[in-house]
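Morning, everyone. I have one structure to walk through today, strand by strand and then helix by helix. Here it is on the screen.

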Amino acid sequence: MRVLVTFLITVLASTSSAHQYYFSTSEITLNPKTEQFEWVIELTTHDLEYALTDIFNKKINLDSETDQQLLQDYAMSHLSLQLKQQVIELTWLGVEIDHHKTVIYIESKNIYSSPAAHTRIANSLLTDVFPLQVNIVNFSIGDNEGSLTFDQKTNTLPLTGINK
């Protein structure tokens with residue numbers, strides 16, 4: 001089901017140049033060997049450049065290293081994980097940018113076998129510019145999988161259905 005939703009959103013977004021829907025999709029997994037969350041976020045490049053241009057009040061070109069740093073600063077201030085009400089340190093691993101999509105890679109510090117059931121996710125990417133922005137976060141923690149939907153009104157949610 002999650003794959004179908006992601007596919008439909010991608011198809012809808014790619015069929016129009018001016019659109020009313022803004023979205024990101026991401027995947028969070030808990031690596032059992034390193035006990036770190038791994039977070040991969042995919043956004044539409046032209047939406048991202050437009051939003052960052054609006055936020056920073058300067059023309060943004062994500063091919064520029066300077067503007068990629070602005071992207072990193074922005075993204076890291078709009079994404080977070082909390083475990084038992086403590087913020088989990090996130091590390092920016094990098095970004096891949098092409099004409100259509102931008103993919104951001106982030107990981108958490110080691111959570112030292114703490115129960116993932118007490119994890120909250122925050123994702124407010126682009127909601128400050130696009131009121132209709134939707135951020136879908138798919139997660140896979142052990143045998144538990146699910147999806148969470150974030151928007152301008154709901155930017156922090158607990159992982160649901162997690163037993164450990």
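Start at Trp92. It stands opposite Ile106 in strand 6. Further along the pair, Glu96 faces Val103 of strand 6. One caution before I go on: this is a predicted model.

Those residue pairs belong to strand 5, residues 90-97, and strand 6. The two strands pair in the antiparallel sense, over seven bridges. They form a hairpin, with three residues between them.

Now look at the other partner of strand 6. Strand 2, residues 36-44, is joined to strand 6, residues 101-108, by seven bridges. That pair runs antiparallel. Thr44 sits opposite Lys101 of strand 6.

Keep going across. Strand 1 and strand 2 are joined by eight bridges and run antiparallel. Thr25 stands opposite Glu42 in strand 2. Strand 1 and strand 2 also make a hairpin, with four residues between the strands. In that hairpin, look at Glu35: its phi is positive, near 55 degrees.

What is the sense of pairing between strand 1 and strand 8? Parallel, over eight bridges. Strand 1 covers residues 22-31, and strand 8 covers residues 133-141. Here Thr25 comes up again: it stands opposite Ile136 in strand 8. So Thr25 is a handy marker on screen, with Glu42 in strand 2 and Ile136 in strand 8 as its partners. As a general reminder, strands of a sheet pair through backbone hydrogen bonds, either parallel or antiparallel.

Is strand 1 mostly covered or mostly open? Mostly covered: eight of its 10 residues are buried.

Let me put the sheet together. It is an open sheet of six strands, in the order 5-6-2-1-8-9, with mixed pairing. Strand 5 and strand 9, residues 144-150, are the edge strands, each pairing on one side only. On average, neighbouring strands in this sheet are turned by 15 degrees against each other, direction ignored.

Next, what packs on this sheet. Helix 2 does, touching strand 1, strand 2, strand 5 and strand 6. Its direction makes about 90 degrees with that of strand 2. Helix 3 packs on the sheet as well, touching strand 5 and strand 6. The direction of helix 3 makes about 135 degrees with that of strand 5.

On to the other sheet. This is an open sheet of four strands, with the order 4-3-7-10 and antiparallel pairing. Its edge strands are strand 4, residues 86-88, and strand 10, residues 156-158. Each of those edge strands pairs on one side only. The twist averages 30 degrees from one strand to the next.

Within this sheet, take strand 3, residues 79-83, and strand 4. They pair in the antiparallel sense, over three bridges. Gln82 has Val87 of strand 4 as its bridge partner. Helix 3 packs here too, touching strand 3 and strand 7, residues 119-123. Its direction makes about 35 degrees with that of strand 3. So far, then, helix 3 touches strand 5 and strand 6 in the six-stranded sheet, and strand 3 and strand 7 in the four-stranded one.

Now the helix pair itself. Helix 2 is residues 45-56, and helix 3 is residues 65-78. They pack at an angle of about 85 degrees, and their axes are 11 Å apart. Angles of 65 to 115 degrees count as roughly perpendicular, so helix 2 and helix 3 are roughly perpendicular to each other. Which residues make the contact? From helix 2, Leu48, Leu52, Ile55 and Phe56. From helix 3, Leu70, Leu71 and Tyr74. By class, that contact has seven nonpolar residues, no polar ones and no charged ones.

Last, the whole chain. The secondary structure comes to three helices and 10 strands. From the N terminus on, the elements run α-β-β-α-α-β-β-β-β-β-β-β-β. There are 164 residues, and 42% of them count as buried. The protein exposes about 9,200 Å², with carbon and sulfur atoms supplying 52% of that. Among contacts with a separation of 6 or more, 57% come from residues 24 or more positions apart.

That's my tour. Over to you for questions.

Terms used. Residues numbered from 1 in each chain as written. Predicted model: local features only at pLDDT ≥ 70, side-chain atom pairs only at ≥ 80, totals over all residues. Heavy atoms only, no water. Axes fitted to C-alpha atoms, helices over the stretch in contact; angles between N-to-C directions. Parallel < 35°, antiparallel > 145°, perpendicular 65-115°, else oblique. Contact = heavy atoms within 4.5 Å. Nonpolar A, V, L, I, M, F, W, Y, C, P; charged D, E, K, R; others polar. Buried < 20%, exposed > 50% of the residue type's maximum accessible area, 1.4 Å probe, protein only. Areas by Shrake-Rupley, 256 points an atom, 1.4 Å probe, with all protein chains shown as cover. Pairing = 2+ DSSP bridges.
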